Amino acid sequence: MRSSSCILGLLVVALLCQGCAFIRGNYGEEIGQGDITTIQKGISTRADVAAVLGAPDRILEANGREIFHYYHYDVKSGSVFIFSRTNIKSDDIFVIFNGTGVVEEVVSGKRKGPLEFQFWPFDWPFH
Amino acid sequence: MMLRNLCICLILALAFVSLNGCSQGPVTWRRVTLNQTISTDDVIFIVPGKTDISAVVERLGAPNEILASHDEIVTRYYFTDGKYFKANYGWGFRFVIPFFAPDLDLGGGGIGRDVFQVTYDNHWLVRGHAFAFHSRSSEFLAWPFRD
């Protein structure tokens with residue numbers, strides 16, 4: 001009696017999981033906040049920043065300032081039967097240097113909202 | 001009685017498993033989002049000439065892009081929503097003509113990339129901000145032949 005219920009339960013779970021897929025991926029290396037706090041405005045130089053964060057993914061120039069751009073993307077994707085949803089979250093860090101090559105500003109912060117595994121593609125009935 | 005129920009469940013399970021290739025079904029809904037939406041309520045704290053970049057980043061996170069424009073610096077936050085729908089109108093034929101099941105896929109979707117832009121002066125104080133909403137281009141399309 002009990003074992004047949006277990007088999008039934010396992011079958012139901014197996015059936016519900018059929019056609020399901022949950023996938024996670026990322027692009028670039030995540031930079032810890034601890035690394036960023038070692039960068040000091042008005043003191044750290046390009047070499048100091050590169051020693052802590054590594055080579056930037058992009059180097060920009062804006063109004064006489066040089067900007068190191070580091071980025072990281074995190075992806076969570078869920079598919080259940082005919083529904084599929086993929087959520088991507090970007091995480092960017094900009095280190096801005098003044099004309100003498102010293103850090104003027106560090107722009108870093110997490111975008112709002114956690115990155116979640118979801119499979120329901122519609123806004124309703126949850127929003 | 002219990003054995004009979006178990007047999008029925010096993011038969012149903014086997015039937016479902018045999019339809020494994022049909023798990024996509026006749027319809028498919030897919031959605032892709034990049035970052036969470038920034039709404040007008042989220043940016044109500046920004047006061048041009050008073051709010052600085054640290055305050056903006058603390059509330060909204062780091063922007064996706066920094067651009068130069070004349071005597072100001074432009075930061076941009078991107079958030080994208082993509083929707084896609086597909087219906088296979090030939091799917092049901094496999095039950096009528098098992099040896100010939102033509103696929104007739106119709107559907108469509110769209111990707112809307114919204115942008116929130118903040119401009120700063122040379123002292124990193126907000127000079128202005130604006131939204132560019134294109135989210136209406138993101139929708140599930142059942143009929144691809146419309147104008």
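Is S77(A) buried or exposed? In this predicted model, S77(A) has a relative accessibility of 13% and therefore counts as buried, since buried means under 20% relative accessible area.

The surroundings of this residue may be described next. S77(A) belongs to strand β3 of chain A, which covers residues 65-80. Its side chain forms a polar contact with the side chain of T86(A), at 3.0 Å. Leaving aside residues up to four places away in sequence, S77(A) touches A21(A), F22(A), I23(A), R85(A), T86(A) and F117(A).

Strand β3 also takes part in enclosing internal space. Across the whole structure, a search finds 2 cavities of 30 Å³ or more. The largest cavity has a volume of about 40 Å³, and its lining consists of E29(A), I31(A), Y70(A), Y71(A), H72(A), D91(A) and I93(A). At least two residues of this lining come from each of β3 and β4 (83-97) of chain A, with β3(A) providing the largest share, 3 residues. By character, the lining of the largest cavity comprises 4 nonpolar, 1 polar and 2 charged residues.

The second largest cavity holds about 30 Å³ of space. The residues that line it are I31(A), Q33(A), I36(A), D91(A), D92(A), I93(A), S108(A), G109(A) and K110(A). Two elements of chain A, α2 (33-37) and β4, give two or more residues to this lining. Here β4(A) gives the most, with 3 residues. The lining of the second largest cavity divides into 3 nonpolar, 3 polar and 3 charged residues. I31(A), D91(A) and I93(A) appear in the linings of both cavities.

Definitions and conventions
Residues are numbered from 1 along each chain as its sequence is written. Chains are lettered from A and ligands numbered from 1 in the order in which they are written. This is a predicted model: local features need pLDDT of at least 70, side-chain atom pairs count only at pLDDT 80 or more; totals for chains, interfaces and linings use all residues. Side-chain values use heavy atoms; hydrogens and water are left out. Helices (H or I, at least four residues) and strands (E, at least two) are DSSP runs, numbered from the N terminus. Buried means under 20% relative accessible area, exposed over 50%, partly exposed in between (1.4 Å probe, protein chains only). A polar contact is a pair of N or O atoms within 3.5 Å; within protein, one must be able to donate a hydrogen and the other to accept it, and residues adjacent in sequence count only if both atoms are side-chain atoms. Contact means heavy atoms within 4.5 Å. On a 1 Å grid over the protein atoms alone, a cavity is a set of points where a 1.4 Å probe fits but cannot get out, and a pocket is an open set with protein on both sides within 12 Å along at least five of seven lines; lining residues have an atom within 4 Å of a point. Grid points are joined across faces, edges and corners, and a volume is the space filled by probe spheres set on the points. Ala, Val, Leu, Ile, Met, Phe, Trp, Tyr, Cys and Pro count as nonpolar, Asp, Glu, Lys and Arg as charged, and the others, Gly among them, as polar.
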